[in-house]
Amino acid sequence: MKQGSSLLTHGPSSRVENQTETGKLCIDESCPSNNSDNSINIICDNFEKYSCDKLSQNSLYNRSFNADDIIMKMLQSTEYEDVPSVKAAQAFYKTCTIASSMGKPLIKKKIGELIKLLFNGWLMSSNDTEQLDVEQNVLSSEKFSLTALLLPSLFQSRVTALFSLKLFGVTIEIHSGSLDAFDKEKLNVSIQEDSEVKELIFKYLENVGALKSNENMMDGVFELYSELKNVQKATVYSEPKRVSHEYLTTTCPIINWDVLFRNVFGNESYNQLEFTIQSEEAWQRTCDILRSKVTIDEGRKNIHNMVVIDFLYKMGNYLQQYFEDFYPTNNDKKPPTCFGETKENFWWTINKEHKYSSISKTTKDEVNQMFNEMKHKLTELLSQRSWSSEDDKQKAILTVSNISVLMVDSVFLDQVNKEKEIILENELSENNYFINAYYSQKARTKTSSSEDSMLLDLLQLLLSYPIFTIDRRSVVIFSWILHPPFWSESHSMSEKYGIFGWIFGRQIISAVLNDQELHSQTEYSLECKQNASTPFESQLCCLSEQINPEIPQNKIFYRLSSDINGLMLSFEAYKGTLTENIDSLNKKMFFSAFAKIVCSGLSSYTIDSGSRKHIKAYEFIVNDVLKHSEGFSEAYQCEIGSIMNPVRKCIL
């Protein structure tokens, strides 16, 4: 989009474009209170062009804001020698980048080291001497432990080929295992014979170290797979059954459930949790099969091989980066970069240790005060509504009262969860990327019912992302945005409300409208009714009549209406904080601050979206919001009918 053209209108006149080249406008504290007629025309025809053009003169708002640059400097810095979590992140990134340049023989060796660490070896990748060692020290009847064998997969994803665990609230659910690594339908080779499927899977495994001389071992693995698959197919669905810990121990004694739960849910008093089995019959029959297998050498070998293959299959996202023929996937997504993986795996560390991770007490107090003042102002405005019933009015007021603000910084993170940090600090290898990839999987797996999984998912967005409302009616602010250029303790109140007040306002009002009117509207119809049923509907209809027909319609009205309404609420709250009449200069500073920060890249899209790397350009230009503001029209006295003061404003 060319600068100065509007998404929602067809753009300013060419006369204004020419005037803007030479016109000068001053709206800072040091400026004269009166503008020239020429500058007034510039404001009233295209305020956004002037505001964005002037950014180059103001370093406060012109700072390049690239979160990835800051994170990369952290990974490459030598300033964190005494911070184990950052050193772990640096080690992960280093081993990943080194692995990217390794040849396949060395990659196979590293994968072998991982299997040796977790499973004490693998028969399929072993020569005769190594096989004897595995058989004597791992697979002998005296030393074989099915519980220990399953733990790496449970740490990895809570799913094994034999059974899986899920933690919901205070309940541990036991489900059937996943046999996808051997299932020809899952592997998209359903038309092939079983013998061909076995041969194909072994070729996959050869990439990661299996020896051709051991291909015959696949026969035993597939015999076990067929038995387990038949159990799953033959089992009739039944309702989950609640069972006791004692029942698990007596019915399936081949697994030490105490050891298993203590390791998987390390910080959980699992004896106080409830247990359910999703299909008791399938679970019992699986246990019976395994009980018969562990009594013979061949059975133990087949179980061990199956578990290792299944584990490698679940490492596919990592292994496919180095071996294209290892369990090919239909996923068209490009493999993550080492930098991307490090951000994903060490979001906790990055959030807690980056240079903008703290929030001062003064800032927290100011933010809380501003937030409460805006809630108070909206409550006051809602109580004056004449178009809704008393019940609807009280419901809206209750929604506002229940909204809270949550500021996420390093102090907050310290209070939430440290388990992930402990794993990644203590277990990572200095020279094996695949060991580190496994432990990063382990660190991301939920281990406790006390974990707030939604909040932890939210925190993975990194503190560089701004602010948004979540289902629990909290407006979440990440620490990064409470630093310049978005927030500064030296900013005037007009600047703080122009920037942060707008964000608060749009989030609070969106929460109220979502409760009352948006749940039943997935996309607003351009067929506007003659008499809209609510002011919100009237506003959307008004916007639809002004929109540029060349741009996509979907969701535009909602986001723009949130911006317009949020800025209105902020302006009203700002006026309420002043002990004397607000003068024209302060009004101008309010709208100037909003324009500057939006032109700098803090947008509706940035606020609403949770999947982007950098601050994105504003989706609507400044004019599209400000032309609907009565406060802006009052401050600049634009002529009625001008672009920035249309006869019909789309306001609530």
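**Exercise 1. Class of Gly-340**

Assign Gly-340 to buried, partly exposed or exposed from its relative accessibility.

*Solution.* Step 1: take the value, 23% relative accessibility for Gly-340. Step 2: apply the cut-offs: buried is under 20% relative accessible area, exposed is over 50%, and partly exposed lies in between (1.4 Å probe, protein chains only). Step 3: Gly-340 therefore counts as partly exposed. Step 4: place it, in helix α15, residues 338–345. Helices here are DSSP runs of H or I with at least four residues, strands are E runs of at least two, and both are numbered from the N terminus. Step 5: look across the chain, where the C-alpha atoms of Gly-340 and Tyr-93 are separated by 9.4 Å although the two are 247 residues apart in sequence.

The model is predicted: local features need pLDDT of at least 70, side-chain atom pairs need 80 or more, and totals for chains, interfaces and linings use all residues. Residues are numbered from 1 along each chain as its sequence is written, and side-chain values use heavy atoms, without hydrogens or water.

**Exercise 2. The whole chain**

Summarise the make-up, burial and contacts of the protein chain.

*Solution.* Step 1: the elements are 29 helices and 7 strands. Step 2: of 652 residues, 56% are buried. Step 3: turn to contacts (heavy atoms within 4.5 Å). Among those between residues at least 6 apart in sequence, 72% join residues at least 24 apart. Step 4: the exposed area is about 29,900 Å², with 47% supplied by carbon and sulfur atoms. The areas come from the Shrake-Rupley method with a 1.4 Å probe.

**Exercise 3. Helix α9**

How far does α9 reach, and which elements do its buried residues pack against?

*Solution.* Step 1: α9 spans residues 217–234, 18 residues in total. Step 2: from first to last C-alpha it reaches 26 Å, close to the expected 26 Å. That expectation is 1.5 Å times one less than the number of residues. Step 3: list the buried residues, including Met-217, Val-221, Phe-222, Leu-224, Tyr-225 and Leu-228. Step 4: find their partners, which are α6 (128–137), α8 (194–207), α12 (280–293) and α13 (297–314).

**Exercise 4. The largest cavity**

Describe the volume and lining of the largest cavity.

*Solution.* Step 1: a cavity is a set of points on a 1 Å grid over the protein atoms alone where a 1.4 Å probe fits but cannot get out, and lining residues have an atom within 4 Å of a point. There are 6 cavities of 30 Å³ or more. Step 2: the largest holds about 120 Å³. Step 3: it has 16 lining residues, and Leu-162, Phe-163, Gly-177, Ala-282 and Thr-286 are closest to its centre. Step 4: β2 (171–176), α9 and α12 each supply at least two lining residues. The largest share, 5 residues, is from α12. Step 5: the lining splits into 11 nonpolar, 5 polar and no charged residues.

**Exercise 5. Positive phi and a buried loop residue**

Where do Asn-120, Arg-158 and His-354 lie?

*Solution.* Step 1: most residues other than glycine have a negative phi. Step 2: Asn-120 has a positive phi of about 60°. Asn-120 sits in the loop between α5 (104–119) and α6, and at 43% relative accessibility it is partly exposed. Step 3: Arg-158 has phi near 70°, also positive. Arg-158 is in the loop between α7 (146–157) and β1 (163–168), and at 7% it counts as buried. Step 4: His-354 is in the loop between α16 (347–353) and α17 (361–383). At 2%, His-354 is buried. Its C-alpha lies 7.6 Å from that of Ile-70, 284 residues apart along the chain.

Methods. 1 Å grid on protein atoms, 1.4 Å probe; cavity = no way out; pocket = protein on both sides within 12 Å on 5 of 7 lines; lining within 4 Å. Points joined across faces, edges and corners; volume = space filled by probe spheres on them. Nonpolar A, V, L, I, M, F, W, Y, C, P; charged D, E, K, R; others polar.
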